Amino acid sequence: MPMLPPFIHVRWQRPGLEPAQRDTALAMLSDAELSRPSSDSFLQGRMLLRTFAGELLGLDPRAVPLSATCADCGGPHGQPRIPGLTVSLSHCAAAVVAVAAVEGNLGVDVEPLAGSAERAAAIASVAGAGGIRRWTSVEAVLKCDGRGLRVDPRDVEVTSDSATLGDARYELWHPALATDLHATVAWRAD
Ligand SMILES: CC(C)(COP(=O)(O)OP(=O)(O)OC[C@H]1O[C@@H](n2cnc3c(N)ncnc32)[C@H](O)[C@@H]1OP(=O)(O)O)[C@@H](O)C(=O)NCCC(=O)NCCS
Ligand SMILES: [Zn+2]
């Protein structure tokens with residue numbers, strides 16, 4: 001078993017916002033977040049992350065100093081950062097997942113287990129053989145690294161509970177959220 005950093009907090013939801021929840025989410029967002037297209041998926045992710053981080057930091061969700069500056073263009077669609085926490089967020093058709101820890105560096109990815117043969121083939125063509133478990137592992141590592149898919153996913157070497165990317169080593173945890181999902185949390189091991 002890998003050594004877990006102290007207290008990785010995980011919170012997840014099924015996708016879907018009632019109109020009133022949409023209004024609540026919109027009221028939490030920063031100007032930078034409001035400048036992005038407000039899909040339900042984006043709003044739900046930010047509401048989940050702001051609420052979750054607010055509870056951990058003792059802040060109102062609106063007051064959580066969340067930024068997500070893109071390393072390429074400076075736009076507000078990059079890796080989410082909150083001083084005092086390390087956080088990561090993932091959406092898929094079946095879930096929205098946020099993770100947080102008070103130290104270290106985390107990445108999370110969630111995918112539905114079901115899918116067409118075409119989807120499985122598309123994943124294998126990008127990430128290599130290994131199925132959804134390998135794909136969520138690769139994406140979690142790339143999100144922890146912070147460059148995302150600017151790195152070739154095939155450069156991530158994955159074993160069952162660890163991975164490497166260049167000289168960096170990562171531990172992997174596959175929390176059992178639900179039987180129809182596979183989620184992986186990655187964190188820097190050194
Ligand atoms: C990070 C990335 C792999 C996630 O893609 P995905 O698996 O389709 O989507 P997920 O739902 O699992 O993750 C999306 C979340 O990852 C986070 N994220 C975005 N960029 C990230 C990055 N570089 N590193 C870590 N996390 C990132 C965000 O929280 C985002 O959700 P949000 O925008 O609603 O807050 C992909 O967006 C990527 O490669 N981004 C970097 C390249 C890029 O787009 N550059 C923009 C140039 S202008
Ligand atoms: Zn950008």
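Me: What makes us say that ligand 1 sits in the largest pocket?

Reply: In this predicted model, ligand 1 does sit in the largest pocket. To earn that wording, more than half of a molecule's atoms must lie within 2 Å of the pocket's grid points.

Me: Why is ligand 1 said to lie between domain 1 and domain 2?

Reply: Because domain 1 (7-84) and domain 2 (104-190) both hand residues to the shell around ligand 1.

Me: What makes the R46 pair with ligand 1 a polar contact?

Reply: The cut-off for a pair of N or O atoms is 3.5 Å. An N or O atom in the R46 side chain is 2.8 Å from an oxygen of ligand 1, so the pair counts as a polar contact. D109 also has a polar side-chain atom 3.0 Å from a ligand 1 oxygen, while for L149 a polar backbone atom is 2.6 Å from one. As for cover, ligand 1 taken alone exposes 880 Å², and the protein buries 75% of that.

Me: Which element gives the most to the shell around ligand 1?

Reply: That's β2, with three residues. At least two residues each come from α3 (40-57), β2 (86-92) and α5 (131-145).

Me: How many residues of each class does the shell around ligand 1 have?

Reply: Eight charged, seven polar and six nonpolar. Among the 21 residues around ligand 1, those that come nearest are S90, H91, K143, G146 and L149.

How values were computed:
Residues are numbered from 1 along each chain as its sequence is written. Chains are lettered from A and ligands numbered from 1 in the order in which they are written. This is a predicted model: local features need pLDDT of at least 70, side-chain atom pairs count only at pLDDT 80 or more; totals for chains, interfaces and linings use all residues. Side-chain values use heavy atoms; hydrogens and water are left out. A residue is near a molecule or strand if one of its heavy atoms lies within 4 Å of it. A polar contact is a pair of N or O atoms within 3.5 Å; within protein, one must be able to donate a hydrogen and the other to accept it, and residues adjacent in sequence count only if both atoms are side-chain atoms. Accessible areas come from the Shrake-Rupley method with a 1.4 Å probe; for residues, only the protein chains shown count as cover. On a 1 Å grid over the protein atoms alone, a cavity is a set of points where a 1.4 Å probe fits but cannot get out, and a pocket is an open set with protein on both sides within 12 Å along at least five of seven lines; lining residues have an atom within 4 Å of a point. Helices (H or I, at least four residues) and strands (E, at least two) are DSSP runs, numbered from the N terminus. Ala, Val, Leu, Ile, Met, Phe, Trp, Tyr, Cys and Pro count as nonpolar, Asp, Glu, Lys and Arg as charged, and the others, Gly among them, as polar. Domain bounds come from an automatic or database domain assignment.
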